[in-house]
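User: I am new to this structure and would like a close look at a single part of it. Please take one residue on a helix, say how far it is open to solvent, and then connect it to the rest.

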Amino acid sequence: MALFKTENLSFTYPKAEKKALSDINIEIKSGEFVLLMGESGSGKSTLLRLLKKELSPFGKVEGNITADAESAAFVFQNPDTSFVSETVRGELVFALENKELDSSEMAVRLGEISSFFNINNLLDRKISTLSGGEKATVAIAAAMIDNADALILDEPFAQLDPKAVISLASMLKRINEELGVTVIMSSHSSAEVIYFCDRMIVLEKGNCIFNGLVSDAVREDKLLDFFPVCTRLFDERPLTVKDAIDLCNGLTQKAEELPEKTEETVVLKNVTFAYDKKAPDILNRLSFTAYQGKINSVIGSNGSGKTTLLKVIAGIKKAYSGKVKLNGKAVYLPQNVRCLFTKDRAGDEITEKTAERLGISDCLNQHPFDLSTGQAQKLAFGILLEQNADIFLLDEPSKAFDCQSKKELACFLKQLCKENKTVIMVSHDIDFVGEVSDYVSFLSDGVISSAGSRRQVLSSLKFYTTQVRRITSKVLESAVSAEDLV
């Protein structure tokens, strides 16, 4: 039975020169797990929002949309935008209170949902104190508590560390297989779900270029960028690291070339910071150095203090002990880039020359809040570029970027380095870190516990490392990216 169906569906945002979606014909059956992929700005978020009538964007709709789901729940990329309560318990029962259920039935549903999602220990916590993975879990639990028969998720992995991503993917698999809930999920990363999803839909510039089984998609060269690194490394195209390990015996690695030491542009010594005098220290006598003309990456789990570190460097937060020294002007890219937008038109935020450099010239007449997440990210880069800064502090700069956009971002960051700019990047995208970084620092328990060159640090880690390292760790000494292989 078709739960969702579109017939010649097209959509155009106000003042946009091109359609966001064009003649989309898809059918999603009850109980399917569907992965929606495509480049930034391809129309993924627009399509998902159109499937949920209450969230349909403002603009011109052509064609037909049929939705037979009695209850379709929507989970946004940033859960914070949807929370309405201060505590987890309040968030979970909010929908039930609106339906005026009696207290005994609410207690049963709350008990069931908190047990299924294993969040009993979080019920009385304030949402503001949760990690990114915990917030994502609570958002999905809150969406499911009213017995949703379809779950629509827009980039749920975008801001999560590797451990949280694996946990969330496992949860979505359980929701689909054990509860029979239809799951429709957009993502730029397929590694965590590609091996168990039923179908894959790929959009390109608003058009549907593939709609079928993963086993068919993996044989199409033009779609390879949407598959995990392990799939792209081998002609056999394995879908998991486990299968790829059996194929790696013939691989060899290039000799490691250590980055040349340059001027120290950011130096932190024994920095300590907490958000409240009575709260535990987020940074605890932390020392950190970043070098001019280099990409200096910081990795670590959700809640480890990475964003706090950037804010201390930027001067947004002030350390209560230790020294922070900057040699040059710094600009800061937050995770929520839309807080940088102050105009009603993207073309009023940046110049045409900057837009052309970033590949978003066709977005200049749109409202910044109508841009896709990837396009908004690029617009935010443009705003930073026009401030003549020496130090770029980037919080999750590759989130919501497809493979091609990440390649463009890598070129953009390396060009900044050629201009003697310093890049300090915080990221959960370990594969991207492994491809572009000169130096990597691992932040854990408030301190930098490991720091050095890209290959030195990532080859020494087991969990916070790249797919290439996981595949080759038993046969190669320090390869962490495809570029390290012969």
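Analyst: A residue is called buried under 20% relative accessible area, exposed over 50%, and partly exposed in between. The model is predicted. In it, E408 has a relative accessible area of 37%, so E408 is partly exposed. E408 belongs to helix α12, which covers residues 403-418. Its C-alpha atom is 16 Å from that of F226, although 182 residues separate the two along the chain.

Another residue of the 403-418 helix, A410, is among the members of a nonpolar core of 44 residues, together with L333, V433 and V457. That core lies apart from the largest one, which has 58 residues.

Strand β12 (residues 295-299) shows the opposite situation to a partly exposed residue: 5 of its 5 residues are buried, so β12 is largely enclosed by the rest of the structure. I295, S297 and I299 point one way from the strand, while N296 and V298 point the other way. In a regular strand, side chains alternate between the two faces of the sheet. β12 runs parallel to β16 (residues 422-426), with 4 bridges between them, and S297 stands opposite M425 there. β12 is also joined by 4 bridges to β17 (residues 439-444), again in parallel; here N296 stands opposite Y439.

The largest nonpolar core comes next. Of its members, L92, F117, I140, L151, I175 and M200 touch the most others. Helix α4 (residues 132-144) gives the most to this core, with 8 residues. Leaving aside residues up to four places away in sequence, I175 touches F116, F117, I140, M144, L151, G180 and V181.

L92 also appears in helix α2 (residues 88-98), where V88, E91, L92, V93 and L96 are buried. The cover over these buried residues includes α3 (103-116) and α4. After α2 comes E100, with a positive phi near 55 degrees.

L151 falls in strand β6 (residues 150-154), which pairs with β5 in the parallel sense over 4 bridges. Across this pairing, V75 has L153 as its bridge partner. Both strands belong to an open sheet of 6 strands in the order β5-β6-β7-β3-β8-β9, with mixed pairing. β5 (72-75) and β9 (207-212) stand at the edges with a single partner strand each, so one side of each has no neighbour in the sheet. From one strand to the next, the twist averages 15 degrees.

Notes. Residues numbered from 1 in each chain as written. Predicted model: local features only at pLDDT ≥ 70, side-chain atom pairs only at ≥ 80, totals over all residues. Heavy atoms only, no water. Core = buried A, V, L, I, M, F, W, Y, C linked by side-chain atoms within 4.5 Å. Buried < 20%, exposed > 50% of the residue type's maximum accessible area, 1.4 Å probe, protein only. Helix = DSSP H or I, 4+ residues; strand = E, 2+ residues; numbered from the N terminus. Contact = heavy atoms within 4.5 Å. Pairing = 2+ DSSP bridges. Axes fitted to C-alpha atoms, helices over the stretch in contact; angles between N-to-C directions.
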